[in-house]
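Here are a few notes to read alongside the model, written as numbered points. Please keep the sequence and the structure open as you go through them.

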Amino acid sequence: MQIDLEKTHSELRCFFEPKGVAVIGASSHPEKIGYQVLKNLREGGVFSLPHLKGFTGKIFPINPKAEHILGLKCYPRITDISERVDLAIICLPARLVPQVMQDCAMKKVKGVSIISAGFGEADSKGRKLQEEFLGIAKKAGIRILGPNCLGILYPPQHLNASFAPFLPFSGKVAFISQSGALLDSVIDWSVKDNYGFSAMISYGNKSDLDAPDFIAWAAKDPYTKVITLYVEGFSDGRYFLEMAKKVTPIKPIVALKAGRTATGSRAVGSHTGSLAGSYQIYKGVFKQSGVIMADTLTQMFDMARALAYQPLAKGNRLAIVTNGGGSGVMCADYCEELAIELPALPRQLIEKLDKSGKMHPAWSRGNPLDLVGDAGPERYEVALEAVMGSEVYDGAIVIQAVQTSTQPLRNAGILVEVQKKYKKPIIGAFMGGVISEASIKYLEEHGIPNYDDVDRAARAMWVLMEHRRHYRRRSI
Amino acid sequence: MNREDILNEIEQFKKEGRKFLSESISGKLLASYGIPIPPACVAKNVEKAVKCAQELGFPVVLKVISPQIIHKSDAGGVITNIDKKEKVREAFHRIVENARKYNPKAKVEGIYVQKMVPPGREVIIGVVKDKQFGPVVMFGLGGILVEVFKDVVFRVAPIDREEAREMIDEIKGLAILQGVRGEKPVDFNSLSKAIANTSRLAIDFPQIGQLDINPVCLYPEKIYALDARIILE
């Protein structure tokens with residue numbers, strides 16, 4: 001199988017950085033998709049939020065009956081536009097799509113995104129329409145997104161070429177989703193949680209472009225550091241496998257496979273047949289290609305955040321620094337389940353900390369390194385310096401409970417400084433709400449992912465170790 | 001057995017409307033992929049069975065060969081631990097009778113006489129065709145445990161020996177293969193090779209729909225595929 005990342009990336013660029021976008025079926029009625037897509041392009045969202053900006057490239061509404069929509073001049077047909085148009089977004093009933101595709105071919109459009117439903121997923125008539133427009137597109141060299149999809153969002157360029165409610169913050173994680181509605185809810189959540197995306201892609205019925213194509217694009221996208229994927233099934237499993245094998249050495253892929261209980265409809269004549277559920281097979285495929293499998297959405301985005309902002313761990317030896325005994329023990333439990341090692345504190349390190357004059361007489365002298373509840377920033381600093389500077393540890397999880405002596409913001413500053421100095425990964429587990437909020441924001445703005453529970457922090461650290469193991473297995 | 005012969009056999013089976021390959025052909029197919037099977041021969045009558053057993057050396061196992069019987073044990077078609085001549089005769093007749101009782105239409109084409117190997121740690125190697133990924137290879141703890149623990153892992157075929165080794169390392173019951181309480185570890189090299197070769201076999205013969213090698217018996221210095229079920233597509 002020939003996989004050419006460069007070629008796929010340049011072919012798909014028209015969907016992310018188009019010179020000119022036409023909305024075919026643009027409408028002046030706010031309840032219509034044809035209006036919402038146009039508004040999204042123009043303003044970044046149908047809802048207004050302070051971070052939103054519109055797309056700065058040319059936008060052309062296509063509607064033979066209107067003069068202007070949202071202050072933009074309308075054109076009767078795409079072929080009436082004299083300027084260049086790279087991307088056309090179709091919001092028309094299915095039966096009109098083949099004709100419009102003809103126009104797009106004439107206009108030499110590079111990519112067409114079909115929002116409309118009612119094709120291959122519907123009935124035989126729909127399937128026929130799909131074959132028809134695909135034939136036209138293929139002949140003209142047009143790539144197709146959808147049909148029956150939400151579209152594409154590219155926050156770095158303020159491009160919301162979709163009917164998703166608004167653009168998320170710009171970040172380093174690309175999200176490729178087989179479900180459109182899921183993408184919608186992720187967007188709304190992400191803004192509240194300060195989580196940024198480099199791109200969001202809903203690819204719908206995958207009549208032409210499927211998830212592996214977008215993985216190839218994301219692999220070469222300068223803003224994307226980590227690729228996340230929600231998948232129910234691929235059109236061509238082997239294409240995904242080859243693509244993932246090629247991409248995971250360049251950028252991590254974290255994936256969530258839905259449909260865990262479906263065992264497929266195989267005639268069962270062998271043990272192997274009866275055991276080969278689709279989830280089991282995907283698990284194998286992901287392992288085989290170095291894709292990290294997540295069980296839940298939270299897990300997927302937790303791991304992606306760690307991979308996007310922290311370096312990989314050189315080994316799997318962790319230090320836990322905490323100002324609370326309980327959360328330290330819980331964290332150690334989760335680490336053990338994930339086969340993360342917690343080496344004991346070396347004697348010289350204990351002596352050094354004892355001599356520092358900063359530690360409480362009852363500090364744990366072990367790992368988890370319990371600073372005791374009245375720990376101030378100096379204690380965090382001297383302890384974190386000690387473990388991060390030691391050859392024995394490959395990274396640290398720092399837990400903070402808000403107690404009377406705690407200074408969250410200063411602690412956050414220490415984490416950022418020490419991480420910069422030693423270049424090993426640090427994961428924050430500043431647990432809490434109102435009081436810790438500012439410190440958590442500081443951590444995340446400075447590239448230290450923080451999780452409000454230690455099991456999430458442990459898994460985030462695990463992925464930094466696991467992905468490094470994948471690199472080593474593939475001798476990268 | 002070379003590729004040509006195997007393809008001819010498969011064609012023959014298909015022509016006769018059969019769904020799965022006979023044990024002797026399956027055995028030869030595995031052997032041609034470097035997957036060792038215990039020495040065996042096919043006996044069409046009692047005296048040939050006795051002669052076979054003597055040549056192979058006791059103890060032996062007798063198994064029914066019938067295109068109508070896929071689950072041989074369920075049909076009373078397998079008798080183990082046969083340690084002398086008279087018992088071969090007795091087992092031969094009993095299997096024929098059991099097969100008739102199990103399915104009056106079952107045509108018994110012969111009896112498979114196989115050298116009995118000592119008990120070892122049992123695993124399963126399998127192949128199934130997935131709609132999205134094509135042939136995939138499975139590995140896991142075998143014997144009867146496979147149905148209880150379902151401790152199995154999959155890979156898309158073909159895979160190399162290193163990837164096969166990763167599969168082995170992934171099962172939860174790995175410690176059993178490494179050996180507990182002073183037991184020696186099994187022959188991981190031969191096992192990895194067998195998994196990788198099975199995955200290759202699945203690619204070379206797209207006519208195969210499903211394949212079970214269960215159990216594969218593992219010993220510290222060697223492995224044996226004791227039973228193979230190859231279902232045609």
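1. How many bridges join strand β12 of chain A to β13(A), and do the two run parallel or antiparallel? In this predicted model, strand β12 (residues 226–231) of chain A is joined to β13(A) by five bridges, and the two strands run parallel. Within this pairing, A:I227 is the residue that stands opposite A:I253 in β13(A).

2. To follow how the chain gets from one of these strands to the other, trace it from β12(A) through helix α7 (residues 237–247) of chain A and on to β13(A), a β-α-β crossover that is right-handed.

3. On the pairing with another strand, β13(A) is also joined in the parallel sense to strand β14 (residues 292–294) of chain A, here over three bridges. A:V254 stands opposite A:I292 in β14(A).

4. As for its surroundings, strand β13 (residues 253–257) of chain A is mostly covered, since four of its five residues are buried.

5. Turning to the contact between the chains, chain A brings 20 residues to it and chain B brings 26 residues. On the side of chain A that touches chain B, at least two residues come from each of α7, α8 (271–275) and α9 (278–289) of chain A, and α9(A) gives the most, with seven residues. By character, the residues on this side of chain A divide into ten polar, six nonpolar and four charged.

Notes: Residues numbered from 1 in each chain as written. Chains lettered and ligands numbered in written order. Predicted model: local features only at pLDDT ≥ 70, side-chain atom pairs only at ≥ 80, totals over all residues. Buried ≥ 20, exposed ≤ 12 C-beta atoms within 10 Å, placed from the backbone. Pairing = 2+ DSSP bridges. Right-handed = clockwise from strand over helix to strand, strands pointing away. Contact = placed C-beta atoms within 7 Å. Nonpolar A, V, L, I, M, F, W, Y, C, P; charged D, E, K, R; others polar.
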